[in-house]
Amino acid sequence: MNTVDEHKTIKRVLNGDVKAFEEIVVLFQDMVFTLAYRVVKNREEAEEVAQDVFIKVFKSLKSFNEKSKLSTWIYRITYNLSINRYRSQKQQLVTTKIDNSNENKLGYTKDALTELSEQEKREVINKAILRLAETEKIIITLYYYEDLPIAEIAEIVGISPQNVKVKLFRSRQKLHTELKDKVGLEILDYEYN
Amino acid sequence: MNTTNEDMDRLVRRAVKMSPLEKPDKGFSHSVMSKIEGLAEEKVIIPERSPLISQTGWMIIVSLIVIAFSVLLISGPTKISLSYFDNYVSLFNSISLFNSVSLFSNINYSFPISVSNIFLTGLFAFVFFFIIEISIITRNIKKVNH
């Protein structure tokens, strides 16, 4: 959906065509859910956050500034609600350690490609992303999945573009260090080329 | 071998994209939409409230009051007698049509009570605004019922 279509859909919703809002939900649900899940680390809670995001978007659709992108606005709401949920979660629970048992069993000293199936590689990558700091996860997800420019990511997470660049560099280094032995990043790169 | 930032970016991009976006449960959009539709219905039930008398209406009313008070202040605290209605009566009597009717010519129209200017103006203003208010309320009730 391009910006023109986005604005048409918003107008339809504002004129009382509530069903048109489903187009927005379907379009953004995966990204909103992924961002929420990466912050709260729990599917049920992530679904609740995602639902709250869409309800908030619907309620404040009138105040949406047509000059900005709908996606940027929705992701900013997602980021804020997820971080709020994460903070209240943190107060209630002792942080659960991410289960490393599979990684220990597999023994990464051997050739990573022969040891790990595609599914296992995905799990390792996902866990590595989940180990990043909350804002770093959001930055990595928006930068690599959505290919969003630095300025837009800065607007979403509410920090300066320079700060986003620093955080992106650090999280990229962390992921590289963690994944190069586990999934054999260089071999992976060779495979794709 | 030292990995440059560009290499690292390329390698991490490939790795990250191997792990697809998370998907919510199948009924997610349906459950969101049912909540949204519920919200939309609530919105419809609450009627938009508008004031009975608009801003312009209030401006006119206030300026009328100000004008009335200014006139009263300028005219001073003199009292008038309601017997000035006698003038109208004599006007009626002067018309030949009424003169021919004995009923009119024989009645003595005199008003012994005298009231102040303020009371009289207040009474007229009350009647005037009461009529305006009734007409506005009636119009609004009709609008709501439609």
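Student: How do helix α8 of chain A and helix α1 of chain B pack, and at what angle?

Tutor: In this predicted model, α8 (residues 134-144) of chain A meets α1 (residues 5-18) of chain B at an angle of about 90°, with their axes 10 Å apart. Axes are lines fitted to C-alpha atoms, for helices over the stretch in contact, and angles run from 0 to 180 degrees between N-to-C directions. The helices themselves are DSSP runs (H or I, at least four residues; strands are E, at least two), numbered from the N terminus.

Student: So what do I call that arrangement of α8(A) and α1(B)?

Tutor: That angle makes α8(A) roughly perpendicular to α1(B), a label for 65 to 115 degrees; under 35 is roughly parallel, over 145 roughly antiparallel and the rest oblique.

Student: Which residues make the contact?

Tutor: From α8(A) come A:I140, A:Y143 and A:Y144, and from α1(B) come B:D9, B:V12, B:R13, B:V16 and B:K17. Contact means heavy atoms within 4.5 Å.

Student: How many residues of α8(A) are buried?

Tutor: Eleven of its eleven residues are buried, meaning under 20% relative accessible area (exposed is over 50%, partly exposed in between; 1.4 Å probe, protein chains only).

Student: New topic: what elements does chain B have?

Tutor: Chain B has seven helices and two strands, running α-α-α-β-α-α-α-β-α from the N terminus. Buried residues make up 20% of its 146 residues.

Student: Any ground rules on numbering and cut-offs?

Tutor: Residues are numbered from 1 along each chain as its sequence is written, and chains are lettered from A and ligands numbered from 1 in the order written. Local features need pLDDT of at least 70, side-chain atom pairs count only at pLDDT 80 or more, totals for chains, interfaces and linings use all residues, and side-chain values use heavy atoms, leaving out hydrogens and water.
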